[in-house]
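Trainee: Please take a close look at one part of this model for me. I would like to start with a loop and see what can be said about its backbone, and then move on to its surroundings.

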Amino acid sequence: SWDPVRVPQLALVRPTLPTAVAPLPIYRSGPRSPSPLIRRPQWLRCAVCQQESTVEVGVEVRSVDSPTHPWECSKNSWNPALASCYPRKEFLGQLEAFAKTPQGQQCRWPEGHLVGAVDLWWLYCHVIHLGGWATVYGNLWLRELCARQPELEGISGVAQQLRDIYDNFLLAFEQAHFKGKRYAEPEQRELLFRFDTPTGCPPVCPVVGCSD
């Protein structure tokens with residue numbers, strides 16, 4: 001199994017924590033509303049490449065995803081830099097080619113697409129659709145990645161493993177390739193989070209999870 005202790009630390013600058021972070025769950029007041037309201041991103045999985053995309057607040061999900069016209073990456077009008085399919089095979093080919101470049105020497109090339117239980121394609125796609133690693137790590141959104149795989153949330157140290165994996169295998173690649181929205185400002189980050197109840201959580205992707 002993958003041991004994060006054995007992964008060498010690279011000369012990459014890890015993002016610092018900003019003063020404003022994403023809000024925690026908000027609870028209704030009053031005796032008639034005991035269930036919490038949770039603000040979380042809405043994810044849709046592409047019917048063509050299986051990549052999952054976030055849907056910004058203000059976009060009616062039913063207008064872009066229906067039984068007769070399922071979601072496809074090309075419908076992503078609010079984040080056009082990510083409005084194209086990105087299948088796993090294409091990503092792994094790009095990552096392998098990047099690892100052979102001078103800039104890519106900062107990245108380690110894994111044996112296959114998995115590092116431990118973590119699918120690198122799945123992790124990278126989820127991070128960039130949340131604005132990239134600086135936004136995800138800086139706003140403590142590792143918990144959102146964890147929520148995509150609840151059965152792994154209680155595993156000790158998985159959050160640290162996720163951070164080490166991204167630092168060592170994906171961060172330099174992201175810095176060279178990612179052109180999508182960064183959601184760097186508070187008002188931009190608000191576009192990612194909708195109110196939802198715990199029972200209304202979207203299906204998880206059976207790949208990765210972590211604990212805070």
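Mentor: Leu140 sits in the loop that connects H4 and H5. This is a predicted model, and in it Leu140 has a positive phi of about 60° without being a glycine. Most residues other than glycine have a negative phi. Leu140 is partly exposed, because its relative accessible area is 40%, and the limits for that class are 20% and 50%.

A second residue can be set beside it. Tyr183 belongs to the loop between H6 and helix H7 (186-189). The phi of Tyr183 is positive too, near 50°, and Tyr183 is not a glycine either. Tyr183 has a relative accessibility of 2%, so it counts as buried.

The helices on either side of the Leu140 loop, H4 (133-138) and H5 (142-146), each give two or more residues to the largest nonpolar core. Strand S3 (42-45) and helix H6 (158-177) are also among the elements that do so. This core has 47 residues, and those with the most contacts inside it include Phe91, Leu123 and Tyr166. Beyond its neighbours within four places in sequence, Leu123 is in contact with Val118, Leu145, Leu162, Ile165, Tyr166 and Leu170.

H3 (120-129) also takes part in the lining of the second largest pocket, as does H2 (88-99), each with at least two residues. The largest share, three residues, comes from H3. The pocket has a volume of about 220 Å³. Its lining has 15 residues, and Ile128 is one of those closest to the centre. By class, seven lining residues are nonpolar, six polar and two charged.

Definitions and conventions
Residues numbered from 1 in each chain as written. Predicted model: local features only at pLDDT ≥ 70, side-chain atom pairs only at ≥ 80, totals over all residues. Heavy atoms only, no water. 1 Å grid on protein atoms, 1.4 Å probe; cavity = no way out; pocket = protein on both sides within 12 Å on 5 of 7 lines; lining within 4 Å. Points joined across faces, edges and corners; volume = space filled by probe spheres on them. Helix = DSSP H or I, 4+ residues; strand = E, 2+ residues; numbered from the N terminus. Nonpolar A, V, L, I, M, F, W, Y, C, P; charged D, E, K, R; others polar. Core = buried A, V, L, I, M, F, W, Y, C linked by side-chain atoms within 4.5 Å. Buried < 20%, exposed > 50% of the residue type's maximum accessible area, 1.4 Å probe, protein only. Contact = heavy atoms within 4.5 Å.
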